[in-house]
Amino acid sequence: MSDTKMLFRSGEAARRIGVSKIALIDWERRGILIPERKTIGGHRLYSNEQIETFIKERMK
């Protein structure tokens with residue numbers, strides 16, 4: 001079994017959630033949705049599981 005996760009950069013994560021990249025940055029600042037990782041270059045990476053969980057919670 002592999003431990004690799006599917007990770008998406010902020011633009012793709014925002015598209016999947018239905019918000020802007022600016023909203024993701026704001027949510028990170030406010031502690032609402034923290035990226036799974038950040039690259040050395042500062043790119044925010046969100047896991048598929050994280051995105052799906054967030055969407056489900058948001059729909060409640």
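Reader: Let's start with F54. What makes you call F54 buried?

Author: One thing up front: this is a predicted model. In it, F54 has a relative accessible area of 15%. Buried means under 20%, so F54 makes the cut at 15%.

Reader: And W27, buried or exposed, and how do you know?

Author: Buried again. The relative accessibility of W27 is 13%, and the limit is under 20%, so W27 qualifies too.

Reader: Why is the pair of W27 and F54 called tilted?

Author: Start with whether they pair. Ring centres have to lie within 6.5 Å, and for W27 and F54 the distance is 5.0 Å centre to centre. Then take the planes, which stand 45 degrees apart. Stacked needs under 30 degrees and edge-to-face needs over 60, so 45 degrees falls under tilted. By this rule the count comes to 1 aromatic pair.

Reader: What makes you say that this pair ties parts together?

Author: W27 sits in helix α2 (residues 21-30), while F54 belongs to helix α3 (residues 48-58), so the pair links parts that are 27 residues apart in sequence.

Reader: Which residues make up the largest nonpolar core, and why is it called a core?

Author: It has 12 residues: F8, A13, A14, I17, V19, A23, L24, W27, L33, Y46, I51 and F54. The name fits because a nonpolar core is a set of buried residues of kinds such as Ala, Leu and Phe, joined through side-chain atoms within 4.5 Å. Helices α1 (10-17), α2 and α3 are the elements that give two or more residues to this core. In soluble globular proteins, nonpolar side chains tend to be buried together.

Reader: What about N48, buried or exposed?

Author: Buried. N48 is in helix α3, and its relative accessibility is 17%. That is set against a limit of under 20%, so N48 counts as buried. Leaving out residues up to four places away in sequence, N48 touches M6, F8 and R16. F8, with the same kind of neighbours left aside, contacts A13, R16, R44, L45, Y46, N48 and I51.

Reader: On to the sheet. Why are β1 and β2 called edge strands?

Author: The 3 strands form an open sheet in the order β1-β3-β2, with antiparallel pairing. Strands β1 (7-9) and β2 (37-38) each pair on one side only.

Reader: How do you know that β2 and β3 pair?

Author: Pairing takes at least two bridges. Strands β2 and β3 (residues 44-47) have 2 bridges, in the antiparallel sense, so they pass. R37 stands opposite L45 in β3. Helix α1 packs on the sheet, touching β1 and β3, and its direction makes about 100 degrees with that of β1.

Methods. Residues are numbered from 1 along each chain as its sequence is written. This is a predicted model: local features need pLDDT of at least 70, side-chain atom pairs count only at pLDDT 80 or more; totals for chains, interfaces and linings use all residues. Side-chain values use heavy atoms; hydrogens and water are left out. Rings of Phe, Tyr and Trp (its six-membered ring) pair if their centres lie within 6.5 Å; planes under 30 degrees apart count as stacked, over 60 as edge-to-face and the rest as tilted. Helices (H or I, at least four residues) and strands (E, at least two) are DSSP runs, numbered from the N terminus. Buried means under 20% relative accessible area, exposed over 50%, partly exposed in between (1.4 Å probe, protein chains only). Contact means heavy atoms within 4.5 Å. Axes are lines fitted to C-alpha atoms, for helices over the stretch in contact, and angles run from 0 to 180 degrees between N-to-C directions.
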